[in-house]
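Colleague: Could you take a close look at one part of this model for me? I would like to see how a single residue sits in its surroundings, and then what lies around that part.

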Amino acid sequence: MEALKTEIVGWLGYLDRWSVSWQIAFILVVAISVAFTRRTTTLFNNSQPLANLAGPLTLVGTGLLLGIVPIPSGIILQVGLFWALFNTVSWIESKLKINNRKNQLAALLSKIAKPAILVWAITYFIARLSSLSAISIVGIGNFSNTEFAIGNTFLLVIGLYLILATSQTFAALTAYVIQLILKYDDRTRKLLQPLFQYLIIACGLVALALWANFDSSTLLVIFGSLSIGLGLGLQQPVLNFVTGIWLLLEGSIKPGEVLMIDNEPCLVKKLGLRVIYLSRQRDDAELLIPNQILFQAKAESFTVGENNRRETIEIGAAYHHDPQLIIGLLEEIAQSHDRVLKKPMPKAFTIDFADSSITYILKFSVRNPLDALTVSSELRQQIWTAFEENDITIPFPQRQVYPMEWPPKDKKTLG
């Protein structure tokens, strides 16, 4: 650490030179002016490239003019070039995202190109202040019986960032290549992509640890601690993760399918490694079902467009109506609906003699389970209208209340 302090003191001495300090002051003035102009005026609203390059061009132009005189202006010129390059990449990124917010090239520019420009600028100015080779061997501490210097720590941080920043892109590429080999569909590829991303990150972290010469015994202790933690405090998340991988690989449940959860049709929106995202048809509620619950529980599965859904409507009619007339009318109403399947045919039955009515049920099928609630509602409305037109009564329980006098007179009730 003493060597690092010595280097920093040396940098301060370099920055204290007049030829350096005035350039830094000029750069700060230009940067503040550009930021203030963007906030207070609309000069660049219709010209985004000009707005992005106004500050950098000012620095580059000033640096070139001063270089002719000659006046020391190397710092101004280099900052202007780095600034112009960074803003140009940002502008290209914004153009790529206009039609597709998830453009992979735009993501790479954001995660790789722009950080690379910043690292390039930092290393350039450090090289101006001192020797990179001398700074890289300055020690900063010890961890896991491994000595860390500024150079290998810097490379370790960059490697970790690259693993995290590029894991999604490489996972998508891996899933696409495996799809071409194994010939599975796009839906399965999207389901497997998160798994590949986690594997890439895990392998990358192990590779970094080996490159940094971490003590193997320390790594075993860390992995053992993680195993104990997973076994105790993280048992449920890990179980959800494992069952999620199982469901992804098995392919028994896929987005677009319909599951009956608590006798409610739910559309599978997305399969995650922790939960399954469902949309309940009755109220459009978003449900998050942990993978292990769905893995262990009994659920009736439908595939939209392939499996039929059987529905039932129960209704009562007064006793003085002919049951054959009611049954024929109910079946005729169901058969006339365009979303009720003709095979199996809708059927009506008499099922009970209730206190004030005869109870009937109408059974019918729909092709899409998500249409069952809508079709049931429409059929009920048509049944009510048909009963009205045919003077069919739907009785309802009635209660009569007889008043009594208390205390009773002559032990007789009133009424």
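Modeller: Happy to. Let us start with S376: beyond its neighbours within four places in sequence, S376 is in contact with E311, I313 and F364, where contact means heavy atoms within 4.5 Å. S376 lies in helix α13; helices (H or I, at least four residues) and strands (E, at least two) are DSSP runs, numbered from the N terminus. S376 has a relative accessible area of 5%, so it counts as buried (under 20% relative accessible area, with exposed over 50% and partly exposed in between; 1.4 Å probe, protein chains only).

Before going on, a word on the source: this is a predicted model, in which local features need pLDDT of at least 70 and side-chain atom pairs count only at pLDDT 80 or more, while totals for chains, interfaces and linings use all residues. Residues are numbered from 1 along each chain as its sequence is written, and side-chain values use heavy atoms, with hydrogens and water left out.

Now the sheet. Three strands, in the order β8-β10-β9, form an open sheet with antiparallel pairing; two strands pair if DSSP finds at least two bridges between them. At the edges are β8 (309–317) and β9 (347–353), each of which pairs on one side only. From one strand to the next, the twist averages 25°; axes here are lines fitted to C-alpha atoms, for helices over the stretch in contact, and angles run from 0 to 180 degrees between N-to-C directions. Between β9 and β10 (residues 358–366) there are 6 bridges in the antiparallel sense, and K347 stands opposite K363 in β10.

Two helices pack on this sheet. Helix α12 (residues 323–336) touches β8, β9 and β10, and its direction makes about 20° with that of β10. Helix α13 (residues 372–389), the one that holds S376, touches β8 and β10, with its direction at about 25° to that of β8.

The flanking segments have their own backbone details. P344 sits in the loop between α12 and β9, and the peptide bond leading to P344 from K343 is cis, with omega near 0°. In the segment after α13 you will find D391, a residue other than glycine whose phi is positive, near 55°. D391 is exposed, at 64% relative accessibility.

For context, here is another strand arrangement, earlier in the numbering. Strand β3 (residues 257–261) and β4 run antiparallel and are joined by 4 bridges; V258 has L267 in β4 as its bridge partner. These two strands form a hairpin with 2 residues between them, and D262 in the turn has a positive phi of about 55°. On β4, 5 bridges also lead to strand β5 (residues 275–280), again antiparallel, and C266 has R280 in β5 as its bridge partner. L271 belongs to β4 (residues 264–271) and is buried, with a relative accessible area of 7%. The C-alpha atoms of L271 and K190 are separated by 9.6 Å, although the two residues are 81 apart along the chain.

As a contrast to the buried S376, L182 in helix α7 (residues 150–182) is exposed, at 57% relative accessibility.
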